[in-house]
Amino acid sequence: MSSARLGIAVRLLVVAVLGALTAGCFQPMYAEHADGTGLRDKLMTVDLPPVDKPNASREARVQVAIRNALAFKLYGAATGAPPLYRLDLKFTTTRSSLIVNLATGLPDSETYGIDAQYNLVELATNKSVMSGTTFSHLSYDIPGSYQRFARARAVRDAEDRAANEIAENIKTRLASYFFAGT
């Protein structure tokens, strides 16, 4: 056997041995454990408090969209298990023009953003066990400078997409907290 083939064979053997050594370390995140519990059971114990924004405001609608998206991602339904944790959420929204049409002075493209702070509180001790921040900033086009209903719908779609992205980020961080335990 030539030295080049021997070198390749040794490298493949090293990779196979390292793969065999680390194979027992892998554990799927969403798999059930031997005791029948899994990550989904832990996520269902997170309580989502009701909306605290003024009624009929744009921010109340965004908070409801975030809460509904989180409920679906955590529970898969409207309610979860008896709560052991409470997720407190605070956020701010921003909206700015990216491109302004020089002829009309109206924006052609805008950006919408949500910056959120969340805090997971253990109900038994009323202590914060995890906190963090997340954001979502997206742009949207206005299909005509004088089409105000199309602009309103574009803003609403951007709000819904940003709320869904915020909920996905928070759900991922909660899942990693419950999986790792830290």
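At 55% relative accessibility, Asn126 counts as exposed, since the cut-off for that word is over 50%. Let us start our walk at this residue, keeping in mind that the model is predicted. Asn126 sits in the loop between β3 and β4, the latter strand covering 127-141. Its backbone deserves a look too: Asn126 is not a glycine, yet its phi is positive, at about 60°. Most residues other than glycine have a negative phi.

Now step back and take in the whole chain. Its 182 residues include a buried share of 30%. You can find 4 helices and 4 strands along the way, and in sequence order they follow the pattern α-α-β-α-β-β-β-α. How do contacts spread along the sequence? Among contacts between residues at least 6 apart, 67% join residues at least 24 apart.

From the loop with Asn126, it is a short step to the strands. Strand β3 spans residues 107-122, and Gln117 belongs to this strand. With a relative accessibility of 38%, Gln117 counts as partly exposed. Which residues does Gln117 touch, leaving aside its neighbours within four places in sequence? The answer is Asp88, Leu89, Lys90, Phe91, Gly132 and Thr133. One of these, Lys90, is 27 residues away from Gln117 in sequence, while their C-alpha atoms are 5.3 Å apart in space.

Strand β2 covers residues 85-100, and there you will meet Thr92. Thr92 is partly exposed as well, with a relative accessible area of 42%. Once neighbours within four places in sequence are set aside, Thr92 is in contact with Gly113, Ile114 and Asp115. Thr92 and Asp115 lie 23 residues apart along the chain, and 5.4 Å separates their C-alpha atoms.

Next, let us visit a pair of helices. Helix α3 runs through residues 58-74 and helix α4 through residues 148-180; their axes come within 8 Å and cross at roughly 40°. Are α3 and α4 parallel, perpendicular or oblique to each other? Angles under 35 degrees count as roughly parallel, and 65 to 115 as roughly perpendicular, so the two helices are oblique to each other. The crossing of α3 and α4 is right-handed.

Where they meet, α3 contributes Arg58, Arg61, Val62, Ala65, Ile66, Ala69, Leu70, Lys73 and Leu74, while the residues from α4 include Val155, Arg156, Glu159, Asp160, Ala163 and Leu174. Sorted by kind, the residues of this contact comprise 12 nonpolar, 1 polar and 8 charged.

Some of those charged residues bring us to the salt bridges. How many does a search of the whole structure find? There are 8. In one of them, the side chains of Arg58 and Glu159 meet at 2.6 Å, N to O. This pair links distant parts of the chain, with Arg58 in helix α3 and Glu159 in helix α4, 101 residues apart. The two partners differ in their surroundings: Arg58 counts as partly exposed at 47% relative accessibility, whereas Glu159, at 1%, counts as buried.

Another salt bridge joins the side chains of Asp160 and Arg61, with a distance of 3.1 Å, N to O. Because Asp160 lies in helix α4 and Arg61 in helix α3, the pair ties together parts that are 99 residues apart in sequence. Both are partly exposed, Asp160 at 29% relative accessibility and Arg61 at 25%.

A third example takes us back to strand β3. The side chains of Glu110 and Arg151 form a salt bridge at 2.5 Å, N to O. Glu110 lies in strand β3 and Arg151 in helix α4, so this pair connects parts that are 41 residues apart in sequence. Is Glu110 buried or exposed? At 3% relative accessibility, Glu110 counts as buried, because buried means under 20%. Its partner Arg151, at 29%, counts as partly exposed. As for the helix pair, salt bridges that share partners join Arg58, Arg61, Glu159 and Asp160 into one network.

Terms used:
Residues numbered from 1 in each chain as written. Predicted model: local features only at pLDDT ≥ 70, side-chain atom pairs only at ≥ 80, totals over all residues. Heavy atoms only, no water. Axes fitted to C-alpha atoms, helices over the stretch in contact; angles between N-to-C directions. Parallel < 35°, antiparallel > 145°, perpendicular 65-115°, else oblique. Left-handed = near helix turned anticlockwise from the far one by under 90°. Contact = heavy atoms within 4.5 Å. Nonpolar A, V, L, I, M, F, W, Y, C, P; charged D, E, K, R; others polar. Salt bridge = Lys/Arg side-chain N within 4 Å of Asp/Glu carboxyl O. Buried < 20%, exposed > 50% of the residue type's maximum accessible area, 1.4 Å probe, protein only.
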